[in-house]
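Open your viewer and get ready to click along. We will go from one selection to the next and say what is there at each stop.

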Amino acid sequence: MALLQNLTFFTTVNHLRDLPPHSTLEIAFAGRSNAGKSSAINTLATRNRLAFFSKTPGRTQHINYFSFDETRYIVDLPGYGYARVPAAIKQHWQHLLSTYLSTREALAGLILIMDARHPLTPLDQQMLDWFIPTGKPVHILLTKADKLSKGEAVQTLAKLRAELNKSYPNCTAQLFSSLKRQGIEEAEATLSAWLGEQPKGKQQAEEIKTPG
Ligand code: GDP
């Protein structure tokens, strides 16, 4: 069973004061708009339209919460990098994201979605610069990996990992494709660890070992 199988839409937040107070653990997904964030959440949740809640009018610049259980959430942060966004909206976005990332205690880790063809843009680096000082982990999904040849994909990942090693400690990366359902288990392993869940394989092995 997929780790995020039972994810359900919870709420939309437009002001930091409205962040759910009872949340004990959150994993946030962020990325440039159109990088493939909604598709990645839908793929991991095995629910085709789930993250498109975040794309309905009035929600795109907001923080959207999906329940994992009563106190743990997957958080869909507003996509960034729209070419033609009024300055006021940019400012709102910047304040919401930077404050959320740098101060949200319940936030356990950040999944950063990047188009494998354009990794680590200046805005992606901005996100890392806000979040890395917290000392919490970041895991990058290089999405749309199906758009690269196998060799190009491997090279892109190696280059990104070298760059992360140099400039962004505590940051891991993998290839991902929602279209080809590539990289799901690897992403789930990271999410399980952050959620404090046992990895699927281990859990099953222990269930077999435990008598009655
Ligand atoms: P978001 O704005 O980051 O939420 O991006 P979406 O998930 O809406 O995806 C943007 C576009 O990229 C859509 O046309 C998707 O169908 C496409 N897309 C998303 N993920 C993949 C993928 O893994 N492979 C390919 N080929 N296209 C993808």
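**First stop: a strand and its neighbours**

Select E26 and Y73: Y73, in strand β4, is the bridge partner of E26. Keep in mind throughout that this is a predicted model.

Now widen the selection to strand β2, residues 25-31, together with β4. The two run parallel and are joined by 5 bridges. Next, add strand β3, residues 63-67, which runs antiparallel to β4 and is joined to it by 4 bridges. Here you can look at Y73 again, since S67 stands opposite Y73 in β4. Follow the chain from β3 to β4 and you will trace a hairpin with 4 residues between the strands.

Stay with β4, residues 72-76, and switch on a surface if you like. How many of its residues are buried? The count is 5 of 5, so the strand is mostly covered under the cut-off of less than 20% relative accessible area. Turn it to see both faces: R72, I74 and D76 are buried on one side, while Y73 and V75 are buried on the other.

**Second stop: the nonpolar cores**

Select L77, Y100 and I140. Within the largest nonpolar core, which has 39 residues, these three touch the most other members. Helix α2, residues 87-103, gives this core its largest share, 5 residues. A second, separate core has 25 residues, among them L25, A51, F68 and I113. As a general point, nonpolar side chains in soluble globular proteins tend to be buried together.

Zoom in on Y100 and show its surroundings. Leaving out residues up to four places away in sequence, Y100 touches L16, L19, E26, A28, I63, Y65, V75, L77 and L107. You have already met E26 as the bridge partner of Y73.

**Third stop: the ligand**

Centre the view on the ligand. Which of the 15 residues around it come nearest? They are N34, S38, S39, K55 and D146.

Then show distances one by one:

- N34: a backbone N or O atom lies 2.7 Å from an oxygen atom of the ligand.
- A35: a backbone N or O atom lies 3.3 Å from an oxygen atom of the ligand.
- S39: a polar side-chain atom lies 2.6 Å from an oxygen atom of the ligand.

Taken alone, the ligand exposes 580 Å², and the protein buries 75% of that.

**Fourth stop: helix α1**

Select residues 37-45, which form helix α1; 8 of these 9 residues are buried. The buried ones are K37, S38, A40, I41, N42, T43, L44 and A45. To find what covers them, display elements including β2, β4, β5 (107-115), β6 (138-143) and α5 (184-195). Just after the helix comes T46, with a positive phi near 50°.

**Last stop: two loops**

Move to T121, in the loop between β5 and α3 (122-131). Is T121 buried or exposed? T121 counts as buried because its relative accessible area is 13%, below the 20% cut-off. Its side chain makes a polar contact of 2.9 Å with the side chain of D124.

Finish at I132, in the loop between α3 and β6. Not counting residues up to four places away in sequence, I132 touches V138, Y168 and P169. For a look back at the ligand stop, draw a line between the C-alpha atoms of I132 and S39: they are 25 Å apart in space and 93 residues apart in sequence.

Notes:
Residues are numbered from 1 along each chain as its sequence is written. This is a predicted model: local features need pLDDT of at least 70, side-chain atom pairs count only at pLDDT 80 or more; totals for chains, interfaces and linings use all residues. Side-chain values use heavy atoms; hydrogens and water are left out. A nonpolar core is a set of buried Ala, Val, Leu, Ile, Met, Phe, Trp, Tyr and Cys residues joined through side-chain atoms within 4.5 Å. Buried means under 20% relative accessible area, exposed over 50%, partly exposed in between (1.4 Å probe, protein chains only). Contact means heavy atoms within 4.5 Å. Two strands pair if DSSP finds at least two bridges between them. A residue is near a molecule or strand if one of its heavy atoms lies within 4 Å of it. A polar contact is a pair of N or O atoms within 3.5 Å; within protein, one must be able to donate a hydrogen and the other to accept it, and residues adjacent in sequence count only if both atoms are side-chain atoms. Accessible areas come from the Shrake-Rupley method with a 1.4 Å probe; for residues, only the protein chains shown count as cover.
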